[in-house]
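I opened this model to look up how its parts sit against one another. My entries are below, in the order I made them.

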There are 2 protein chains.
Amino acid sequence: MHDTLIAYINNALGKTLSEKDEHLLESVFKPKKLRKHQYMLQEGEVCRFAGFIVRGACKQYTVDKSGKENIIGLFIEHWWVGDRESFMTGTPSPYNIEAVEDVEVLLAGREDFLNTLSRQPFINEMMNVLTEKHSFHLIKRVHAAHTLTAEERYHDLHKKYPEFFQRFPQHIIASYLGMTKETLSRIRAGSGKK
Amino acid sequence: MHDTLIAYINNALGKTLSEKDEHLLESVFKPKKLRKHQYMLQEGEVCRFAGFIVRGACKQYTVDKSGKENIIGLFIEHWWVGDRESFMTGTPSPYNIEAVEDVEVLLAGREDFLNTLSRQPFINEMMNVLTEKHSFHLIKRVHAAHTLTAEERYHDLHKKYPEFFQRFPQHIIASYLGMTKETLSRIRAGSGKK
DNA sequence: GAAAAGCGTTGATCTACATCAACGCTTTTT
DNA sequence: AAAAAGCGTTGATGTAGATCAACGCTTTTC
C-alpha cells in the first residue's frame, strides 16, 4: 500500500528514494480504511493528520445554518487531504472531510510529520513546491469566482478535471463550483456542449 | 531603505540577521520608485522580480473584453508583490500590477532570488511559511466567494484589513470583494453599520 | 483658474442564478 | 421484495446584485 506513495514521491522528485527513505515513509504513514460516508475530520476538531489518498474519493465542506453543504475541496487518489491550517496551527477546523467512496489513506501524525518528514530535505522541498502550486490554483479559483459565469466555471472544471464528473455526483460538483445542482443540470442540458 | 526589509525579516524570523546576511539582502534587493499609475507588471509579460513594498500601495488586476478591471490583489507597505506563478515558471502573467500611490519597492531578480536568497535556509524557510499562510488566506477567499453575501464579505474585509479603506478608493475595494462600486456604496449607506 | 477626470451616491431597470416544488429513475437499506 | 434514500431533471417564481444613467463634489491636469 505504501508503494503508491513511494512511486508518487519518486515521480514528484524525479529520482528514486533510498531504501532508508522508503522505510521511513513506511514507518511514518499508517494505512487506514474508511467506508463511504465515514468522516476523516469533523468540524470543530483539530486536524491531526496529513493524508495521502491511495484509493477512493473525499469531499471537504462546511454546513450552513440551513443545513446546506458548501463543498470547498474534492480529492481523489494520489492527492493529499486534510486541513493544513488546522494541522499546522493546532486550531479547530471549520471543515468536514468525508469519504464519498470507500477510501484507503496513508496518514502521518503531527509529530511524525514535523519531527521526521519535514526534516528530510527532499520531502520538505516537495511539500513546499506542492503548497506553492496549490496557492497558484487557489488564486485562479478566487478570480474565477469573481469574474466567470456559472457556465464558464463548469467548462473550466470539465477541462481541467474531467475525471471528477465520473467520480462525484453532480450536486457535489455543483456546490464545489459555487452553484446549485439545478443550475448545473440546466447548463449541461442546454449549451452544455461547448 | 533596506532597513525596513531587514526589520521585517528579523521580525518574521524572531531573530537578528547577521551583518553578512544584511549585506546579502542589500546586494540582492534593488530599490525602485514608481509614481502613481505606473505599472510594475503588465499583462502578457513574464514577471521577473519578487518585490517588497517599502512605501505606497498597488493593485493587481485583469481587464475583461468590455474594459472592466477585476482586482484580484491589493498590496501595501511591508507586503510582497509580484506574480509568483509567472516568476517561478517563466510563463506570461495574466495580471497587471499598478501603483495606486507613489511606491518604493525593493526588487530581487529571478537569478538572485533562486541562486542566492532561496539558498539561505532561514530566508527560504520564511518564504515557505509565507506561502503557506497565503494559501490559508486564499482558501478562505474561495469559500467566502461561494458562501457569503456581498455585505458579509464587506464586513469581513473591514474587520481584517481596516486600513484598506483609508488607502484604496472604494471602487477598487468593491472589485477586490467581487462586487460593483454601486453595491458597496449601498451597503455602506444602509446597514453598513454592523 | 478653467476643463477634465476621478470618485461616490442614488434611482430605475434588468438578469443570472437561487429557491421551491414535484416527479421519475436508480441504488441502498432492511 | 418493499421501503427509503439519493440523484438528476424540469417548471414556476423570487431576489441579490449587476447594469445603465444622471448628478454633485473633489482632485488633477494643462
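The entries cover the copies, one helix pair and the two DNA strands.

**Ground rules.** I am working with a predicted model, in which local features need pLDDT of at least 70, side-chain atom pairs count only at pLDDT 80 or more, and totals for chains, interfaces and linings use all residues. Residues are numbered from 1 along each chain as its sequence is written, chains are lettered from A and ligands numbered from 1 in the order written, and side-chain values use heavy atoms, with hydrogens and water left out.

**Entry: the two copies.** I superposed chain B on chain A by least squares on the C-alpha atoms of residues with pLDDT of at least 70 in both. The fit took a rotation of 180° with 0.0 Å of shift along its axis, at RMSD 0.0 Å. The relation is therefore that of a two-fold axis. I then checked the contact residues (contact means heavy atoms within 4.5 Å). In chain A, 100% of the contact residues of chain B recur, so the same surface serves both copies.

**Entry: H6 against H9 in chain A.** Helices here are DSSP runs (H or I, at least four residues), numbered from the N terminus. I looked up H6(A), residues 150-160, and H9(A), residues 181-189; they pack at about 75°, with axes 10 Å apart. Axes are lines fitted to C-alpha atoms over the stretch in contact, and angles run from 0 to 180 degrees between N-to-C directions. The two helices are therefore roughly perpendicular (65 to 115 degrees). On the H6(A) side I found A:Ala150, A:Glu151 and A:Tyr154, which meet A:Thr183, A:Leu184, A:Ile187 and A:Arg188 of H9(A). By class this contact has four nonpolar, one polar and two charged residues. Asp, Glu, Lys and Arg count as charged, Ala, Val, Leu, Ile, Met, Phe, Trp, Tyr, Cys and Pro as nonpolar, and the others, Gly among them, as polar.

**Entry: DNA strand D.** Which residues come closest to DNA strand D? I listed 15 around the strand, the closest being A:Gln170, A:His171, A:Arg186, B:Ala150 and B:Thr183. A residue is near if one of its heavy atoms lies within 4 Å. Sugar and phosphate make up 69% of the strand D atoms that come within 4 Å of the protein. I noted polar contacts (pairs of N or O atoms within 3.5 Å). The side chain of A:Gln170 places an N or O atom 2.7 Å from a phosphate oxygen of strand D. A polar backbone atom of B:Ala150 is 2.8 Å from a phosphate oxygen. B:Glu182 reaches a base nitrogen with a polar side-chain atom, at 3.3 Å. H9(A) gives the largest share of this surface, four residues.

**Entry: DNA strand C.** I repeated the search here. Of 15 residues around DNA strand C, A:Ala150, A:Thr183, B:Gln170, B:His171 and B:Arg186 come nearest. Sugar and phosphate account for 68% of the strand C atoms within 4 Å of the protein. A:Thr183 has a side-chain N or O atom 2.4 Å from a phosphate oxygen of strand C. For A:Arg186, a side-chain N or O atom is 3.1 Å from a base oxygen. A polar backbone atom of B:His171 lies 3.1 Å from a phosphate oxygen. H9(B) gives the most to this surface, with four residues. By class I have four nonpolar, seven polar and four charged residues near strand C.

Conventions: Angles under 35 degrees count as roughly parallel, over 145 as roughly antiparallel, 65 to 115 as roughly perpendicular and the rest as oblique. A polar contact is a pair of N or O atoms within 3.5 Å; within protein, one must be able to donate a hydrogen and the other to accept it, and residues adjacent in sequence count only if both atoms are side-chain atoms.
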